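The following exercises concern aromatic pairing, burial and contacts in a single protein chain. Each task is followed by a solution in steps.

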Amino acid sequence: MTIAEKLEQLKALFAEMDQALIAYSGGVDSTLVAKIAFDVLGDRALAVTAVSPSLLPEELADATAQAATIGIAHKIVHTHEMENPNYTSNPVNRCYFCKSELHDTLKPLALELGYPYVVDGVNADDLHDYRPGIQAAKERGARSPLAEISVTKAEVRQLSQQLGLPWWDKPAQPCLSSRFPYGEEITIAKLQRVGRAEIYLRNLGWDNLRVRSEGDTARIELPPEKIADFVLKTDLPTLVSTFQNLGFIYVTLDLEGYRSGKLNQVLQQIPAT
């Protein structure tokens, strides 16, 4: 199936829905879904962003600006996964409890407002990764148009560019809780610390990155081809001082480089039960 055919199928899917509430994070995937939904449904589409300590204010501002550019109605709700010890204890299925909280919030809202469908931005590639949150969404009746039409991440970016979305190449920015190794307790202070560290690096011009937090250590991940430039061009003493002021004691650079889902590699070492 060509990408043009996939776009037409996405449009047809939303036409059949007639009304849809979009779980909208402001990432490239959910923003594409919001764009197509609005193009087809107009004011019968609603984008809803969930705000919690794992979402930086800058990301909420981006989501709000992008929704305004698209023209879709945008609503903000608050979720409370940080009150659930099943989430804050950071088990390997942490994402399940996060998405459970999200969709337990969105589904009643959709019904209250008269939207028969809640849809998300899960794409076809996500189905091949360890994503326990997908199961939580399915259990609550959410639909994933991109996955249903087999749209890959690369195709999401291609379609976004074709549709004139200026953020088509926006780096992936998953939940800040993904920066912590499984089993390390997640707190609001830790989330804010790692979030501010990443914003600091982005303001220096490094976009595609992660700051992994392990205890008092910050481990910076950059694309392998950017590591040498980073070392040469960055004022390292100032960087270390900044991170220490945020609350880290040690600051390291991951020589393997950035790789999405890197912390999931520990799952291969956990014996089957």
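**Exercise 1.** Locate Asn-86 in the predicted model, and determine whether Asn-86 is buried, partly exposed or exposed.

Solution. Begin with the secondary structure: Asn-86 belongs to helix α4, which spans residues 85-88. Next, consider the relative accessible area, which is 40% for Asn-86. The partly exposed class lies between the limits of 20% and 50%, so Asn-86 is partly exposed. Finally, examine the surroundings. When neighbours within four places in sequence are left aside, Asn-86 is in contact with Pro-91 and Phe-97. As for Leu-176, 90 residues away along the chain, its C-alpha atom is separated from that of Asn-86 by 16 Å.

**Exercise 2.** Classify the ring pair of Tyr-200 and Phe-243, and state which elements this pair ties together.

Solution. Two quantities are required, because a pair of aromatic rings is described by the distance of the centres and the angle of the planes. For Tyr-200 and Phe-243, the centres are 6.3 Å apart and the planes enclose 75°. The distance is within the 6.5 Å cut-off and the angle is over 60 degrees, so the pair counts as edge-to-face. Tyr-200 lies in helix α9 (residues 188-203) and Phe-243 in helix α11 (residues 236-246), so the pair ties together parts that are 43 residues apart in sequence. The structure holds four aromatic pairs, of which this is one.

**Exercise 3.** Extend the analysis from Phe-243 to Phe-248, and identify the charged residue that sits over the ring of Phe-248.

Solution. Phe-243 has 0% relative accessibility and therefore counts as buried. Phe-243 also pairs with Phe-248, at 5.9 Å centre to centre and 35° between the planes, in a tilted arrangement. Phe-248 is likewise buried. Together, Tyr-200, Phe-243 and Phe-248 make up one aromatic cluster. The charged residue is Arg-193, whose charged end sits over the Phe-248 ring at 4.1 Å from the ring centre.

**Exercise 4.** Is Trp-206 buried or exposed, and which residues does Trp-206 touch?

Solution. Trp-206 is found in the loop between α9 and β5 (210-214). Its relative accessibility is 12%, under the 20% limit, so Trp-206 counts as buried. Not counting residues up to four places away in sequence, Trp-206 touches Leu-201, Leu-222, Lys-226, Asp-229, Phe-230 and Thr-234. Between Trp-206 and Leu-46, which are 160 residues apart in sequence, the C-alpha to C-alpha distance is 33 Å.

Note on methods:
Residues numbered from 1 in each chain as written. Predicted model: local features only at pLDDT ≥ 70, side-chain atom pairs only at ≥ 80, totals over all residues. Heavy atoms only, no water. Phe/Tyr/Trp six-rings, centres within 6.5 Å; stacked < 30°, edge-to-face > 60°. Helix = DSSP H or I, 4+ residues; strand = E, 2+ residues; numbered from the N terminus. Buried < 20%, exposed > 50% of the residue type's maximum accessible area, 1.4 Å probe, protein only. Lys NZ or Arg CZ within 6 Å of the ring centre and 35° of its normal. Contact = heavy atoms within 4.5 Å.
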